[in-house]
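User: Please take a close look at one part of this model, the long helix and its surroundings. Tell me what can be said about its ends and its packing, then set it against the rest of the chain.

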Amino acid sequence: MPVYEFKAKSNRSQCAAIDEAIRVAQFIRNKCLRLWMDEEKVGKYDLNKYCAVLAKEFSFAGKLNSMARQAAAERAWSAIARFYDACKRKLSGKKPYPRFKKNARSVEYKTSGWKLDSDRKGVTFTDKLGIGHLRLKGTWDLNHYSLEQIKRVRLVRRADGYYVQFFVQVDVAVETEPTCKAIGLDMGLESFYTDSNRHKEENPRFYRKAERRLKRLQRRVSKKQKGSKNRVKARQRLGKAHLKVRRQREEHAKRLARCVVMSNDLVVYEDLQVRNMVKNHCLAKSINDAGWYQFRKWLEYFGQKFGKVTVAVPPQYTSQTCSICGAIVKKSLSTRTHRCTCGAELDRDENAAINILRTGLRTQGHWGTWLLDSRNAWGEMTATLTEATQSEQVAS
């Protein structure tokens, strides 16, 4: 479901009303979670019914739209469902037990509680919290969609202001010409990824480049007196700096993923467990800065949109296995060159990318029969240079 985001033009009273709506939604979510903890056999529909009880018991909760209250209860159930799913699958490690929200940043409305302007450049929230009319600033055109297609509207608070997001139910599939090419991607820290064509994509390291400025802004926050207006201003500057790094990382992942998917019919990548990898305190900052999860998310989205195949394969032994003879060559993380007794000598990441592609082809059946080439066992596959990215954007 595509999400179209607009910047909201609001005054101080409207900002205070939006903050109040976010607090009420957080309160309802936490109360629903507490009900699930205290009572047995509480289901999703029990939480929805409990919203009406909270509206009668607390006057401030009754001011929020009824469907917005239900959306807050659904957020609580989403956390509960993740915990149940982890228990059923018997995942190793600590289970994601639901936690109470302390600093929520959004409130979600369903099909009621809001009304779009006739020109689709403004939205009015009709509940009793007093948000009122908000002008929308953005380049997306909502006139292409009917009101029945807009399933949810979300108000989001960020460091640089408030945003309105529209969730539109529409088929995003786009017909494209087949390229008859496949590629394997090995994610890394020295390079963002190395593909099976021996192309290395540079790791932008957005956080590392901005780290000096972020530390300076953090020191300024620490020096301000708690509760003062200067401290609030310093926190806003720090929040905007962090938001810029986040947006840079997200935009890089989006553009690169679109380029890779448009250039190949089959994209094979590693099924990395980032949550476990960041437990290594020596590499945690670099792993988080790389943004592998954002890249994978956009790969899967564009694969579905353009009708391409994206396959996640287990990363075990992709670097240790020789891509020529299949022998296991043990090597430490610092060893960057793969050398085998069969005479193979190539970059460690290139060897892993070829193994990843081979595993993906084996998973997808006989894809590799039309990829063979007289010069190379894997054929001449397309390069995935950033310059090949098309200018057309998608909903973020």
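Analyst: Start with a residue of a neighbouring helix. Beyond four places away in sequence, Gln26 touches Lys101, Lys102, Asn103 and Ala104. Gln26 belongs to helix H1. Its relative accessible area is 18%, under the 20% cut-off, so Gln26 counts as buried. The model is a predicted one.

Helix H1 (12-38) is among the elements that the buried residues of H4 pack against. H4 itself covers residues 66-89, which makes 24 residues. At 1.5 Å a residue, a span of 34 Å is expected for H4. The C-alpha atoms at its two ends are 34 Å apart, so the expected and modelled spans agree.

Now the ends. Asn65 caps the N-terminal end of H4. A side-chain oxygen of Asn65 lies 2.9 Å from the backbone nitrogen of Met67. At the other end, H4 is followed by Lys90. The phi of Lys90 is positive, near 55°.

Next, the buried face. Many alanines appear in the list of buried H4 residues: Ala68, Ala71, Ala72, Ala73, Ala76, Ala79 and Ala86. Trp77, Ile80 and Phe83 are buried as well. So are Arg69 and Glu74. An α-helix has 3.6 residues a turn, so residues three or four places apart point the same way. Besides H1, the buried residues of H4 pack against helix H2 (44-57) and helix H3 (59-62). They also pack against strand E2 (106-109) and strand E6 (150-158).

For a view of another region, take the second largest pocket. About 650 Å³ of space lies in it. The lining has 24 residues, and those closest to the centre are Met187, Met277, Ser319, Leu333 and Arg348. Strand E8 (182-187) and helix H10 (348-363) each give two or more residues to the lining.

Met187 lies in strand E8. Its relative accessible area is 11%, so Met187 is buried. Not counting residues up to four places away, Met187 touches Phe192, Tyr193, Glu270, Leu272, Trp292 and Phe295. Met187 and Ala17 are 170 residues apart along the chain, and 44 Å separates their C-alpha atoms.

Last, confidence. The average pLDDT of the chain is 86, and 91% of the residues score at least 70. Over residues 366-396, however, the pLDDT is below 50. That stretch still has 69 contacts in the model beyond near neighbours in sequence. Where pLDDT is low, the predicted coordinates should not be read in detail.

Terms used
Residues are numbered from 1 along each chain as its sequence is written. This is a predicted model: local features need pLDDT of at least 70, side-chain atom pairs count only at pLDDT 80 or more; totals for chains, interfaces and linings use all residues. Side-chain values use heavy atoms; hydrogens and water are left out. Helices (H or I, at least four residues) and strands (E, at least two) are DSSP runs, numbered from the N terminus. The expected span of a helix is 1.5 Å times one less than its number of residues. Buried means under 20% relative accessible area, exposed over 50%, partly exposed in between (1.4 Å probe, protein chains only). Contact means heavy atoms within 4.5 Å. A polar contact is a pair of N or O atoms within 3.5 Å; within protein, one must be able to donate a hydrogen and the other to accept it, and residues adjacent in sequence count only if both atoms are side-chain atoms. pLDDT is the predictor's confidence in each residue, from 0 to 100. On a 1 Å grid over the protein atoms alone, a cavity is a set of points where a 1.4 Å probe fits but cannot get out, and a pocket is an open set with protein on both sides within 12 Å along at least five of seven lines; lining residues have an atom within 4 Å of a point. Grid points are joined across faces, edges and corners, and a volume is the space filled by probe spheres set on the points.
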